[in-house]
Amino acid sequence: KYIKIKKPILDKVDQFVSQRFGSSFVIGVFHRGTDKGQEATTLKYDEIRDKVRRVLEEKSKEYPDYKLFISSDEEKFIQYMSSFFSKTIYFEEKALSSSENPIHLNASNGYQIGKNSLIDALIFSKTHLMLRMDSCLGAMATFFSPKTPEILLNRPRYQWVSPDERDFYYTLKKRAQEGTPALELLSELDI
């Protein structure tokens, strides 16, 4: 009741999904790379590619008209994945890091970066299958579509997260699956 996503943001998400997803089965890949090495195990691009390829081999039989939505903070990752998978789409308006430095820590336009990251995460939440790296933004996206199957591509390093925080996430996830609106859950977060 306290947090609302502005209508222009929701409209942009709906427009992107309508125009770019169409009636295709869309597999989402959520990758955070620049600043996640201390919080979760990192994966090399080819490890992610191989995991995505295995999922596509299974799903493309059932859904030959599939697309792959890539959400990342790294320009190189999007280019890499696009070079291997022809049916790749991504949100082009998002600022991406072209180096090892996280874009959100070095920018003077924090509002725009946050807004575009939210749009990107909301688009990711509209996919039919979520393959994601461990990250707060990726986890938040799953709250908007809690019944969509998800596959965690890497392992969290739980020493950075207290057992209470980990239990809190799983409690929120369960409540989302039971029908609690995502924004109500997010309003409970201490961020």
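Which residues are linked with Asp50 in a network of salt bridges? In this predicted model, the network joins Arg49, Asp50 and Arg53, and a search of the whole structure finds 4 salt bridges.

Within the network, the side chains of Arg49 and Asp50 form a salt bridge with an N to O distance of 2.9 Å, while the side chains of Asp50 and Arg53 form another at 3.9 Å, again N to O. Asp50 and Arg53 both belong to helix α2, where they are separated by 3 residues, about one turn of the helix. The surroundings of the three residues were also evaluated. Arg49 has a relative accessibility of 13% and therefore counts as buried, because that value falls under 20%. Asp50, by contrast, counts as partly exposed at 27% relative accessibility, and Arg53 is likewise partly exposed, with a relative accessible area of 31%.

A salt bridge is also found between the side chains of Glu150 and Arg132, with an N to O distance of 2.6 Å. This pair links distant parts of the chain, since Glu150 lies in strand β5 (residues 150–152) and Arg132 in strand β4, 18 residues apart. With a relative accessible area of 28%, Glu150 is partly exposed, whereas Arg132, at 3% relative accessibility, counts as buried. In general terms, side chains of opposite charge can pair when their charged atoms come close.

The nonpolar interior was examined next. The largest nonpolar core holds 19 residues, of which Ile27, Val29, Ile48, Val52 and Leu131 touch the most other members. Two or more residues of this core are given by each of β1 (25–31), α2 (45–62), β2 (66–72), α3 (75–84) and β4 (129–132). Helix α2 provides the largest share, with 4 residues. Apart from this core lies another, of 18 residues, which includes Val13, Ile119, Ala121 and Met140.

The contacts of Leu131 show how one such core residue is surrounded. When residues up to four places away in sequence are not counted, Leu131 touches Ile27, Gly28, Val29 and Phe30, together with Val52 and Val55, and also Phe124, Ile151 and Leu153. Among these partners, Ile27, Val29 and Val52 are, like Leu131 itself, listed with the core members that touch the most others.

Taken together, helix α2 appears in both parts of this account, as it gives the largest share of the largest nonpolar core and carries Asp50 and Arg53, which take part with Arg49 in the network of salt bridges.

Terms used. Residues are numbered from 1 along each chain as its sequence is written. This is a predicted model: local features need pLDDT of at least 70, side-chain atom pairs count only at pLDDT 80 or more; totals for chains, interfaces and linings use all residues. Side-chain values use heavy atoms; hydrogens and water are left out. A nonpolar core is a set of buried Ala, Val, Leu, Ile, Met, Phe, Trp, Tyr and Cys residues joined through side-chain atoms within 4.5 Å. Buried means under 20% relative accessible area, exposed over 50%, partly exposed in between (1.4 Å probe, protein chains only). Contact means heavy atoms within 4.5 Å.
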